[in-house]
Amino acid sequence: MTNQKMMPNQMIGILGAGQLGKMLGQSAQKMGYKVAMYDTKEACGFGVSHQTMIGDFDDEKKVLDFARSVDSLTYEFENINGQILNRLADEDQFLQGNFLLLKSQHRLIEKEWLNDIGLETVPFKKVSSASDLTTALSELGYPAVLKTCRFGYDGKGQVVIRNEAELNDLQEEIQAIIEQEAILEAFCPFKFEASVIVSRNHAGDIECFPPTENIHREGILAASINSSRLTDELKEKIVQAGTKIAKEANLIGVCGVELFVKENGSLVVNEVAPRPHNTGHYTIEACQLSQFDQHILALTNRPLIKPALLKPAISINILGQHMTMLEELMDTLPEALIHIYDKGEAKDQRKMGHFTILCDSEDELDEYLKSTFIAQWLDLIGEE
Ligand code: AMP
């Protein structure tokens with residue numbers, strides 16, 4: 001594999017042209033790289049691409065043609081065809097590789113791997129039939145979360161089963177999940193959720209962005225906060241978990257690691273996303289370089305930069321149902337740094353943008369969170 005740095009004007013290819021691809025493309029262009037994007041249809045990232053290609057992610061010929069037409073290939077989401085990318089394993093333009101991609105595409109494989117490298121997950125069982133589910137429920141107990149092993153995101157493809165009555169009431173949803181490969185997870189009674197964006201380059205250098213506390217509603221990320229609940233000790237433990245994952249996976253680029261923080265302060269890894277992550281959007285303004293910048297540095301074989309938090313921040317998602325409140329947001333919080341991804345139709349629960357507020361202190365950040373406007377904003381998530 002090459003040790004050459006990429007220089008401006010070389011081409012970075014991104015599989016997927018959603019908001020993550022778009023923000024990656026913007027970082028790459030800022031550094032002078034050219035950007036090509038591939039997606040199944042016209043997507044928001046195409047607006048910032050030098051070249052675009054439309055095709056299916058399972059179209060082996062097209063994906064490989066695209067991959068071989070660029071100097072460095074990456075992806076913006078994990079539900080792409082990892083097997084096709086196997087064909088690029090020994091090619092210089094796929095420095096990033098797909099080891100972690102293949103792990104993260106399958107919840108069961110991901111959790112087994114996390115346990116193998118010594119990281120705690122919730123207890124889990126494979127479920128392929130109704131009788132497997134009964135056995136798994138008797139072993140793990142209620143409440144439990146039934147999830148598809150593949151293609152789940154933003155709370156889709158999963159259902160919480162709280163008791164036997166719900167097991168009966170939710171049969172339709174449960175059946176739909178069991179028909180695919182499924183996993184039952186013990187419900188984790190976490191104190192709060194957290195995440196870290198970890199990065200590693202070809203030279204093996206590892207840098208983590210400051211961890212955040214995350215608020216989810218209905219399985220969707222609502223807000224990420226540089227919270228005072230993340231003590232130095234907790235942050236250190238979270239960074240250690242992220243570093244372990246990066247090292248064991250020989251990560252190239254950034255990766256988001258989502259965790260549950262339990263009442264006693266112990267950590268459970270929930271999920272790994274081998275790409276820039278929604279909980280890292282705050283880094284665009286709150287750090288001296290963003291998660292997207294760092295990903296491009298790693299991909300182009302350059303030294304990483306140690307991220308520094310310039311100001312504590314709160315970053316809040318703008319979903320489809322929030323779009324009618326955009327003007328009110330601009331008027332009520334003129335200090336909000338608003339990002340709109342240009343994704344077209346504002347469907348309920350669809351991520352359309354986010355806004356970040358930089359604070360002078362964690363106390364100020366708490367005040368924002370308690371404000372009526374932000375409380376109303378967060379309450380809108382989950383209503384359809
Ligand atoms: P996931 O798609 O696995 O990231 O799940 C989305 C969200 O659902 C998580 O961020 C949690 O808020 C919640 N969740 C998922 N799995 C569990 C679990 N085993 N225990 C408790 N909450 C969970």
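**Exercise 1. Cysteines**

Task: Work out why the sulfur of C359 takes part in no bond with the closest cysteine sulfur.

Solution: Begin with the distance: the cysteine sulfur closest to that of C359 belongs to C287 and is 14 Å away, which is too far for a bond, since a disulfide is a pair of cysteine sulfur atoms within 2.5 Å. This is a predicted model, in which local features need pLDDT of at least 70 and side-chain atom pairs count only at pLDDT 80 or more, while totals for chains, interfaces and linings use all residues. Residues are numbered from 1 along each chain as its sequence is written, and side-chain values use heavy atoms, with hydrogens and water left out. Next take the surroundings of C359, which is buried at a relative accessible area of 1%; here buried means under 20% relative accessible area, exposed means over 50%, and partly exposed lies in between, with a 1.4 Å probe and protein chains only. Then turn to C149, whose sulfur is 19 Å from the closest cysteine sulfur, that of C188, again too far for a bond. C149 is buried as well, with a relative accessible area of 4%. Finally, the count for the structure is 0 disulfides.

**Exercise 2. The ligand and its shell**

Task: Find which residues come nearest to the ligand, and describe the polar contacts of K147, C188 and N270.

Solution: The shell around the ligand has 15 residues, of which R107, K147, C188, E193 and E271 come nearest; a residue is near a molecule if one of its heavy atoms lies within 4 Å of it. By kind, the shell divides into 6 nonpolar, 4 polar and 5 charged residues, where Ala, Val, Leu, Ile, Met, Phe, Trp, Tyr, Cys and Pro count as nonpolar, Asp, Glu, Lys and Arg as charged, and the others, Gly among them, as polar.

For the contacts, a polar contact is a pair of N or O atoms within 3.5 Å; within protein, one must be able to donate a hydrogen and the other to accept it, and residues adjacent in sequence count only if both atoms are side-chain atoms. A side-chain N or O atom of K147 is 2.7 Å from an oxygen atom of the ligand, and a polar backbone atom of C188 is 2.8 Å from a nitrogen atom of the ligand. In the side chain of N270, an N or O atom is 3.1 Å from a ligand oxygen. Taken on its own, the ligand has 470 Å² of accessible area, and the protein covers 92% of this, with areas from the Shrake-Rupley method and a 1.4 Å probe. Two or more residues of the shell come from each of β6 (144–148), β8 (182–186) and β14 (267–273).

**Exercise 3. Aromatic pairs**

Task: Decide whether the pair F190 and F260 is stacked or edge-to-face, and do likewise for F99 and W113.

Solution: Rings of Phe, Tyr and Trp (its six-membered ring) pair if their centres lie within 6.5 Å, and planes under 30 degrees apart count as stacked, over 60 as edge-to-face and the rest as tilted. The whole structure has 7 aromatic pairs. In one of them, the ring centres of F99 and W113 are 5.8 Å apart and the planes meet at 75°, so this pair is edge-to-face. F99 sits in helix α4 (residues 99–104) and W113 in helix α5 (residues 107–116), 14 residues apart. F99 is partly exposed, at 38% relative accessible area, whereas W113 is buried, at 9%.

For F190 and F260, the centres are 4.9 Å apart and the planes at 15°, so the pair is stacked. F190 is in the loop between β8 and β9 (192–200) and F260 in strand β13 (residues 253–261), so the pair ties together parts 70 residues apart in sequence. Helices (H or I, at least four residues) and strands (E, at least two) are DSSP runs numbered from the N terminus.

**Exercise 4. Helix α11**

Task: How many residues of helix α11 are buried, and what is found at its start?

Solution: Helix α11 (residues 291–299) is mostly covered, with 9 of its 9 residues buried, among them F292, H295 and L299. At its start, a side-chain oxygen of S290 comes within 3.1 Å of the backbone nitrogen of F292. After α11 comes N301, with a positive phi near 65°.
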